[in-house]
Amino acid sequence: MPAQSIWTLLSWGPDGWSDDIASGVLVTIVLALATLPIGLTIGFFVAFAKQHEEPSLRLAANIYTTVFRGLPELVTLFLFFFGMPLLLQYIVRLFNPNATIDVNSFIAGMIVLSLIFSSYASEVFLSAFRAIPKGQYEGGYAIGLSKWQTMRLIILPQLIRIAFPGLENCWLSLLKDTSLVSVVNLAETLRQSGVAARVTKHSFLFYSVAALIFLALAILSSIATSYILRHLGRREAR
Amino acid sequence: MSVSQAIAIDKPPPQGRGWPRARILGYALVGIWVLFGAGIVAYLVYAWNAEFFARYAPAYLQGLGTTLSLVSISMVLGAIFSLPVAYGRMSKNRLLSGLAYCYVYFFRGTPLLVQTYLVYYGIGSFRPELETVGLWWFFREAFYCGVFAFSLNTAAYQAEILRGAIESVPRGQWEGAASLGLHRLQTLRKVVLPQAIIVALRPYGNELILMIKASAIVAIITVYDLMGNAKLAYAKSFDIQAYIWVAIVYLVMVEILRHGVEWIERRITVHLHR
C-alpha cells in the first residue's frame, strides 16, 4: 500500500474521505434539525402539564421526565432500536402474521433524541413558566382573550425569550447526542469518520476531524443563537 | 392577620369536582403510564427465565462494580485536575486563561463518545511510539482509556462548576477576610469555599448523575461495565429483557443519587431557611 499523505486522505474525491465525512455531517445536521421541532413541542407540552393545577397531569409529566432524564441515552436508544421492532411486530402480527418490521436507525435516533431533548427542554420551559407573573394571564383574560389566545399571544412570546438561553444548552447537548446514533449504524459524522479511520488506519487523524467538526457545529450554533438573541432582545426593547 | 385573610380571599376557588378536560387527559396519560409499567412487569414475569437470570445476574453485578469504579475514579481524578483548570479560567494571565478556556471549550463542545474514541482508537494507534515511552500498557486497556477520557471530560465541567461557585461569592467576602488579615488561601478555605459549596452541590450532583449515565458509552469500546454486559447478554440471547433490566438498574441508581443530593442540600441549607 503506497503511503498516502494526510492531504490526500482528507481530499475530496475517490482517494480522500472528505466527501464521505461531509455526507455524514449533513446527516448529523438533518437529524438534529429534524429532532428540534418535535422535541420543543413535546417539551413545551410536558412543561405545560407540569405547572398545571390538575395533579394527574403533573404526575404523568413528572414520570415522563424522570424516566427519560434518568435513563442513559445509550440505553434508551438500544431499548428503542431493538425493542420497538419487537413490539411493533407483535402488534402487526395480530393482523398480518407474515409481516416483518425493520426500524430505520434515523427514525429510531430521531424518536430517542426527541424524548431526551424534550425532557430536558421541559425543565427549561417549566422555569420560564414560573418566571412569568400570574398577572399576565389575568390581564389576558381581563381583555377577553380565551385561554388558548392568552397562551399564544401573551405567554408564549415571553416564554420563548426567557427560555432561550436554556434551550441553547439543550440544543448543544442534542448536537452532541446525535453522535450516539452512530452506534446503531446511522452514517453520520462519527460513523463516517470511524469507517475512514478503520480503512486507512489513521484513527487519530479522522477522530480528530470528527471532534473538530462537532466543535465547529457548536461554534456555528452559538453564533446563530447570539444573532437570534440580539433579534429577540431588540423586539423586547421596542 | 389581615394580610393572610386578604391572601385567603385572593386564592382561586378549589378545584371543581366534575371531569374537566384537563383531568380526563391527565387520567388518560397516567393510565397510559400505568399500562406501560404493567406491560413491562407483565413481560418480565412472562419472560421470566431462571436460566437467563442465573447466567447473567452475576455478570450484571460485576458490570455494576465496573461502572461504579469507573465513575468514581474519573470523578475524583477529574476533581483534582479541575483545580488547575479552574485556576487558569479565573487567572488574570491572558495566556493561562486562554489555554484553560480552550480546554474547557473543547471538552464541552465535543461529544464524549468522540473523545473516548480519540483516546482509545486514536492514541492507541500510536502503538510503537507508546511502547518506546512505556505507556502502552495504559492505552491498551479499554478501561484505562475510558477513565482517561472521562476524567479529562469531567474536569472541564467541574472546573466550570467550581469557577461559577467561587465567583458567586461576593467580592466583599474576599475583601472582608483580607481586612481581617487572612491570606488568600485561608480566605478561600475558611470563608469562600463553605459558601461556594452550597452553590456547587447541585451542579456537582448533576455532574455525577451525568457521568453515571454517560459511563454507558464505554460499553462501545469493549469495557464490560453494566451496559457492556447487557450488550453481551443481548448478543447471546436476543432477549430484550437484557436491556430492560439494565435500564431499571440505571434508573434506580440515578433516582437514589438525585434524592440523596436533594437530601444533602436540605441539610446544609438549614441555616438559610427560616
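## Exercises on a predicted two-chain model

Chain A has 9 helices and 0 strands, and the model in which this chain appears together with chain B is a predicted one.

**Exercise 1.** Determine how the elements of chain A are ordered, and explain why chain A counts as more spread out than a compact globule.

*Solution.* Begin with the order of elements, which from the N terminus on reads α-α-α-α-α-α-α-α-α. Next, take the radius of gyration of chain A, which is 22 Å, and set it against the 18 Å that the globule rule gives for 238 residues; the value lies well over the rule, so the chain is more spread out than a compact globule. The box filled by the C-alpha atoms of chain A, taken along the principal axes, is roughly 80 × 55 × 25 Å. Finally, consider burial and contacts: 37% of the 238 residues of chain A count as buried, and of the contacts in chain A with a separation of 6 or more, 70% are between residues 24 or more positions apart.

**Exercise 2.** Describe the side of chain A that touches chain B, by element and by residue class.

*Solution.* First count the participants, which are 36 residues from chain A and 36 residues from chain B. On the side of chain A, the elements giving two or more residues are helix H3 (55-70), helix H4 (73-92), helix H8 (189-200) and helix H9 (203-237), and H9(A) provides the largest share, with 9 residues. Sorted by class, the residues on this side of chain A comprise 24 nonpolar, 7 polar and 5 charged.

**Exercise 3.** Identify which residues of the largest nonpolar core touch the most other members, and follow one of them into its surroundings.

*Solution.* This core holds 116 residues, of which Val75(A), Phe125(A) and Val246(B) touch the most other members. Its largest share, 15 residues, comes from helix H8 (residues 142-168) of chain B. Following Phe125(A), and leaving aside its neighbours within four places in sequence, one finds contacts with Gly43(A), Phe44(A), Ala47(A), Leu159(A) and Ala163(A).

**Exercise 4.** Compare the UniProt annotation "transmembrane region" in chain B with the computed helix content of two of its spans.

*Solution.* The unreviewed UniProt entry places this annotation on several spans of chain B, including residues 24-48 and 135-156. Residues 24-48 of chain B are 92% helix and 0% strand, with end C-alpha atoms 35 Å apart. Residues 135-156 of chain B are 91% helix and 0% strand, and here the end C-alpha atoms lie 24 Å apart.

Notes
Residues are numbered from 1 along each chain as its sequence is written. Chains are lettered from A and ligands numbered from 1 in the order in which they are written. This is a predicted model: local features need pLDDT of at least 70, side-chain atom pairs count only at pLDDT 80 or more; totals for chains, interfaces and linings use all residues. UniProt positions are given in the numbering used here, feature names are shortened, and annotations may be inferred rather than shown by experiment. Helices (H or I, at least four residues) and strands (E, at least two) are DSSP runs, numbered from the N terminus. A nonpolar core is a set of buried Ala, Val, Leu, Ile, Met, Phe, Trp, Tyr and Cys residues joined through C-beta atoms within 7 Å. A residue is buried if 20 or more other C-beta atoms lie within 10 Å of its own, exposed if 12 or fewer, and partly exposed in between; C-beta atoms are placed from the backbone. Two residues are in contact if their C-beta atoms, placed from the backbone, lie within 7 Å. Ala, Val, Leu, Ile, Met, Phe, Trp, Tyr, Cys and Pro count as nonpolar, Asp, Glu, Lys and Arg as charged, and the others, Gly among them, as polar. The radius of gyration is taken over C-alpha atoms; the globule rule is 2.2 Å times the number of residues to the power 0.38.
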